[in-house]
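Trainee: Please take a close look at the sheet in this structure and at what surrounds it.

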Amino acid sequence: MSQEKALSLKDTVYKQIIEMICDGTLSPDSLITENQMIEHFKVSKSPVREALIQLCHDGILTSIPRCGYQIVRITRKSIRDLIELRLYLELSSLPSIMDHLNEEKIHALKELNRKRLLNHGTKTIWTAWNNNVIFHTTLTSYAENALVTKILEQALATCTRAYAQLYNVRGSIIASSKENFHDLIVCSLERHELYTAYEYLKKDILFMEEELLNTTILQPDNS
């Protein structure tokens with residue numbers, strides 16, 4: 001097997017394990033073994049092992065000697081840290097976003113919000129969440145700082161796992177309002193009202209913190 005193909009398989013296994021965690025197929029209490037994953041993905045040991053090692057390195061799994069791997073539960077402190085990171089990244093990017101905005105980018109943001117409303121009555125928790133992730137990463141990308149966008153994507157990936165832990169227990173709870181902070185953020189940016197956009201973006205991010213922390217299934221802080 002070529003090195004390029006092995007890397008591709010490793011990345012595929014890595015992404016699919018994360019998806020299995022997020023959709024509840026793999027619960028935080030379950031043990032994952034190499035043999036189980038080899039059987040599940042029908043691939044050789046090498047890409048599975050490499051994917052599991054990478055998942056441990058990224059803090060998604062923890063290795064339990066002679067037993068296998070277990071999903072790392074997200075703590076309340078880690079949620080607060082993630083929200084603090086998001087506030088720093090996204091709010092500090094707003095002036096640059098405003099500088100780079102044009103009609104095409106405003107239209108793209110409005111289109112994202114329009115699509116959110118189109119499937120309002122039938123959306124699942126995951127379409128709702130994915131809409132949220134796409135909006136925030138798209139908005140931040142307009143600051144034209146690739147490193148900031150990449151770090152935000154990583155932070156939102158961890159938020160996705162926390163969201164999965166939350167909604168796998170609480171069920172399909174989706175805000176029913178036809179207007180949310182995303183619409184207000186875009187409207188403010190279109191009017192060049194930076195402070196107003198800042199306040200709506202902050203409220204939107206903090207709303208997610210409230211949702212994620214208002215549950216008993218997250219691990220308590222160790223401190």
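Mentor: What follows describes the sheet, the helix beside it and two loop residues. The model is predicted: local features need pLDDT of at least 70 and side-chain atom pairs count only at pLDDT 80 or more, while totals for chains, interfaces and linings use all residues. Residues are numbered from 1 along each chain as its sequence is written, and side-chain values use heavy atoms, with hydrogens and water left out.

The sheet is open and has 3 strands in the order E1-E3-E2, with antiparallel pairing. Strands (E, at least two residues) and helices (H or I, at least four) are DSSP runs, numbered from the N terminus; two strands pair if DSSP finds at least two bridges between them. Strand E1 (31-32) and strand E2 (61-64) are the edges; each has a single partner strand, so one side of each lacks a neighbour in the sheet. Between E2 and strand E3 (residues 68-71) there are 4 bridges, in the antiparallel sense. Thr62 has Gln70 in E3 as its bridge partner. Helix H3 packs on the sheet and touches E1, E2 and E3, contact being heavy atoms within 4.5 Å. The direction of H3 makes about 115 degrees with that of E2; axes are lines fitted to C-alpha atoms, for helices over the stretch in contact, and angles run from 0 to 180 degrees between N-to-C directions.

The loop between helix H2 (34-41) and helix H3 (45-57) holds Lys42. Most residues other than glycine have a negative phi. Lys42, not a glycine, has a positive phi of about 55 degrees. Lys42 is exposed (over 50% relative accessible area, 1.4 Å probe, protein chains only), at 61%. Glu144 lies in the loop between helix H6 (125-141) and helix H7 (146-170), and its phi is positive, near 60 degrees. Glu144 is exposed, with a relative accessible area of 54%.

How values were computed: Buried means under 20% relative accessible area, exposed over 50%, partly exposed in between (1.4 Å probe, protein chains only).
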